[in-house]
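This report introduces a structure to a reader who meets it here for the first time. It turns to charged pairs, and then to the arrangement of strands.

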Amino acid sequence: MSELSHVDREGRARMVDVSAKADTARIAVAAGELQTTADVIRLVRADDMPKADVLSTARIAGINGAKKTSELIPLCHQLALSSVNVSFGFTDTTITIEATAKTKGPTGVEMEALTAVAVAGLTLHDMVKAVDPAATLNGVRLVTKEGGKHGHWVRPEAEQHAGHHHEKHTAHEKAAAAKAPLAGEGRTAAVVVASTGVAAGTRTDTTGPVLAEWLAAQGFSVRGPLVFADSDITYGLEDALSREPDLI
């Protein structure tokens with residue numbers, strides 16, 4: 001597409017008329033991260049911030065943001081969202097955010113997924129600013145989308161990352177793959193770990209990485225390990241199911 005869809009021939013902003021488009025299942029995944037300090041990460045993972053329940057608050061805020069996207073972005077259509085999932089991960093100094101939005105209709109849910117990430121990230125900033133007022137929300141971006149006439153789209157660097165991951169197979173695995181197709185070839189899997197201790201950072205997950213490595217060796221495209229506290233495992237399963245994997 002070489003033209004801006006939301007601008008007419010006279011250069012005026014417009015809402016795109018989607019009345020002639022067919023209803024299809026639409027899925028969009030967006031991501032971002034809050035850059036902060038190691039102290040904030042420790043506090044959030046231990047659920048010990050001055051404002052309690054940091055991640056749950058940000059999750060609900062992100063879901064509400066997705067539902068209000070048409071009110072916030074002037075030219076977005078009002079959509080009947082069938083599902084919005086918001087999940088978080090950690091590095092030493094970042095809280096990663098991922099949002100998945102789904103609907104069935106004539107237009108996509110990219111903006112809903114992006115808005116969910118942005119609002120969840122801003123809520124995280126509000127929750128941690130007493131400890132780290134310099135926290136920065138970075139990299140809000142569309143990762144994948146499904147549905148409509150353009151079908152499946154994956155952000156180019158995500159495809160490259162998947163390619164680099166695939167290249168890490170050992171020579172033995174490659175030789176075996178040349179002899180016979182792998183059991184998981186062309187299939188997807190998600191590894192979900194329920195552990196309050198691992199989610200809080202007080203224990204090390206030794207099972208999830210082993211499962212993910214084994215599944216990858218069988219040819220699966222693996223997501224995870226996704227770690228959730230025992231009380232949040234419902235969110236974990238919803239998040240895993242949102243990508244409709246062949247195996248969890």
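## A salt bridge between a strand and a helix

Lys145 and Glu110 are joined by a salt bridge, in which the closest N and O atoms are 3.1 Å apart. This pair links distant parts of the chain, since Lys145 belongs to strand E4 (residues 136–146) while Glu110 belongs to helix H4 (residues 110–128), and the two are 35 residues apart. Lys145 has a relative accessibility of 23% and therefore counts as partly exposed, the limit for a buried residue being under 20%.

The model described here is predicted, and seven salt bridges are found in it.

## A partly exposed pair

Another of these contacts brings together the side chains of Asp126 and Lys129, which meet in a salt bridge at 2.6 Å, taken from N to O. Both partners can be placed by their accessibility: Asp126, at 31% relative accessibility, counts as partly exposed, and Lys129, with a relative accessible area of 41%, is partly exposed as well.

## A buried pair and its network

Asp239 forms a salt bridge with Arg223, and here the closest N and O atoms lie 3.2 Å apart. Because Asp239 lies in helix H9 (residues 233–242) and Arg223 in strand E7 (residues 221–228), the pair ties together parts of the chain that are 16 residues apart in sequence.

As for accessibility, Asp239 is buried, with a relative accessible area of 2%, and Arg223 counts as buried at 14% relative accessibility. The contact also belongs to a wider arrangement, in which salt bridges that share partners join Glu98, Arg223, Asp239 and Arg243 into one network.

## The five-stranded sheet

Strand E4, which holds Lys145, is also part of an open sheet of five strands, arranged in the order E2-E3-E1-E4-E5 with antiparallel pairing. At the edges stand strand E2 (81–90) and strand E5 (153–154), each of which has a single partner strand, so one side of each is left without a neighbour in the sheet.

In general, the strands of a sheet pair through backbone hydrogen bonds, and they may do so in a parallel or an antiparallel manner. Strands E4 and E5 run antiparallel and are joined by two bridges. Where these two strands meet, Thr144 stands opposite Val154, a residue of E5.

Methods: Residues are numbered from 1 along each chain as its sequence is written. This is a predicted model: local features need pLDDT of at least 70, side-chain atom pairs count only at pLDDT 80 or more; totals for chains, interfaces and linings use all residues. Side-chain values use heavy atoms; hydrogens and water are left out. A salt bridge is a side-chain nitrogen of Lys or Arg within 4 Å of a carboxyl oxygen of Asp or Glu. Helices (H or I, at least four residues) and strands (E, at least two) are DSSP runs, numbered from the N terminus. Buried means under 20% relative accessible area, exposed over 50%, partly exposed in between (1.4 Å probe, protein chains only). Two strands pair if DSSP finds at least two bridges between them.
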